[in-house]
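This note sets out several points for a colleague who has the coordinates to hand. The points concern backbone geometry, open and enclosed spaces, and the packing of the interior.

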Amino acid sequence: MSDSADQSAFKARVDQVLRQFVQREADRLADIDAELAPVAEQLQVATAHGKRLRAAFCYWGWRAAGQPDGDAVVRAAASMELVHAAAVVHDDLVDRSKVRHGLPTVHVALRAATAAGPRPKAAARSLAMLVGDLLMSWAGQLFTTSGLPAAYLSRARPLWAVLARELVAGECLEILRTGARPDTDTSLKVIRYKTAKYTVEHPLLIGGALAGASGELRRAFSDYGLPLGEAFQLRDDLLGLFGDPSRTGKANADDIVAHRPTALLAQTWQEATADERRDLERLLGRRGLAEDGVRRIREIMLRTGAPARVEHMITERIEAATGVLDRPALPAGAARALAGLARTATVRRH
């Protein structure tokens, strides 16, 4: 998987695993009662999209340790995408985001199913929470039934607890620090735990643990994975406000309407004038923010040079990650694949 064609072929394999698994499990849910059909449908929608990067990193954690390709490891790697789907459903719920992949988010889509009842929006949010919970359960189910030997699975099982703990910690930190005075170090800690680790580092380490990776190789995974995961989220922050919504599939005012603690905002605040800070305080976190308000925030960001500084932060982290790939512990084929995945994760428009 050293070029885009190989990445596409791997993605197709993961898509097939997820489609078959989710269809089967969603059908079993819907069979319980016909009223569950909208929930089953949203479970399928929530898992139908994505770059499948987390599965790819898990797969190459396995391959880098000298293990061969096989359907069982692809199934195990695909479970990482169910973790991601669960995190996205919960994240959209927490952030009250309305659009994802150009479609209504799960808690918005489920309003049709709750429209006839009392407090339909609250009921739809409750259903969405349960969709996210079930997706996380399915992740463990797909992993443990992947077909890999039980001894291999037991090596990786402790890392699932670490993944869940750190993912929840990151989400909690974002909630607790939303609306606070912008600070770059705080923002980086949030993205490290909320996104970076479960996007790159943990999938690599889980794949490596399955394969019995050496300590040296595991250290290389962390040294590569953490800066690359941060670069991935920093790119998302830029695309979130300056990207094309027709490409990103998300509303480009979400971060500022929610007043999330992004590094982009922290870098802006750091160099903003007193008048600009007053404008930011007036506009950030405002529901129904008009386009002229979004435009003003972009103007302040560009005037302070914040996007360029975040681009520099991304470049630094890509260089730190790819600098690890020439270590002796990494086979040449795995190093080439991880270099390609680093580009895919950070050089993108969506």
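1. In which loop does R119 lie? R119 belongs to the loop between helix 6 (111–114) and helix 7. The model is a predicted one, and in it the phi of R119 is near 50°, a positive value in a residue other than glycine. Its relative accessibility is 65%, so R119 counts as exposed.

2. A positive phi also occurs at H259, with a value of about 55°, although H259 is not a glycine. H259 is placed in the loop between helix 12 and helix 13. Is H259 buried or exposed? Because its relative accessible area is 16%, and buried means under 20%, H259 is classed as buried.

3. Helix 7 begins just beyond the loop that holds R119. With 25 residues at 1.5 Å a residue, helix 7 should span 36 Å, and the separation of its end C-alpha atoms, 36 Å, therefore agrees with that expectation. The buried residues of helix 7 are A124, A128, V131, G132, L135, W138, A139, L142 and F143. As a rule, an α-helix has 3.6 residues a turn, so residues three or four places apart point the same way.

4. The second largest pocket has a volume of about 320 Å³. Its lining consists of 16 residues, of which D95, R96, S97, K98 and R287 are the closest to the centre. Two or more lining residues come from each of helix 5 (106–109), helix 7 (120–144) and helix 12 (254–258). Helix 12 gives the most, with three residues. By character, the lining divides into nine charged, four nonpolar and three polar residues.

5. D95, one of the residues closest to the centre of that pocket, is found in helix 4. Its relative accessibility is 10%, so D95 counts as buried. Which residues does D95 touch, not counting those up to four places away in sequence? They are E174, K194, R260 and R287. The C-alpha atom of D95 is separated by 28 Å from that of L341, 246 residues apart along the chain.

6. How many cavities of 30 Å³ or more does the count give? The count comes to one, and the largest cavity has a volume of about 60 Å³. Its lining is made up of D237, L241, D255, I256, R260, T262, L264, L265 and M301. At least two of these residues are supplied by each of helix 10 (215–242), helix 12 and helix 13 (263–271). The lining comprises five nonpolar, three charged and one polar residue. R260 appears in this lining and is also among the residues that D95 touches.

7. The largest nonpolar core has 76 residues, and those with the most contacts inside it are F57, L82, L135, Y224, L330 and L338. Helix 4 (residues 71–95) gives the most to this core, with 13 residues. Apart from this core lies another, of 26 residues, among them L238, A263, L280 and I314. In soluble globular proteins, nonpolar side chains tend to be buried together.

8. F57 merits inspection as one of the residues with the most contacts inside the largest core. Leaving aside neighbours within four places in sequence, F57 is in contact with T199, V200, P203, L204, Y224, L228, L338 and L341. Y224 and L338 are likewise listed among the residues with the most contacts inside that core.

Conventions
Residues are numbered from 1 along each chain as its sequence is written. This is a predicted model: local features need pLDDT of at least 70, side-chain atom pairs count only at pLDDT 80 or more; totals for chains, interfaces and linings use all residues. Side-chain values use heavy atoms; hydrogens and water are left out. On a 1 Å grid over the protein atoms alone, a cavity is a set of points where a 1.4 Å probe fits but cannot get out, and a pocket is an open set with protein on both sides within 12 Å along at least five of seven lines; lining residues have an atom within 4 Å of a point. Grid points are joined across faces, edges and corners, and a volume is the space filled by probe spheres set on the points. Helices (H or I, at least four residues) and strands (E, at least two) are DSSP runs, numbered from the N terminus. Ala, Val, Leu, Ile, Met, Phe, Trp, Tyr, Cys and Pro count as nonpolar, Asp, Glu, Lys and Arg as charged, and the others, Gly among them, as polar. A nonpolar core is a set of buried Ala, Val, Leu, Ile, Met, Phe, Trp, Tyr and Cys residues joined through side-chain atoms within 4.5 Å. Buried means under 20% relative accessible area, exposed over 50%, partly exposed in between (1.4 Å probe, protein chains only). Contact means heavy atoms within 4.5 Å. The expected span of a helix is 1.5 Å times one less than its number of residues.
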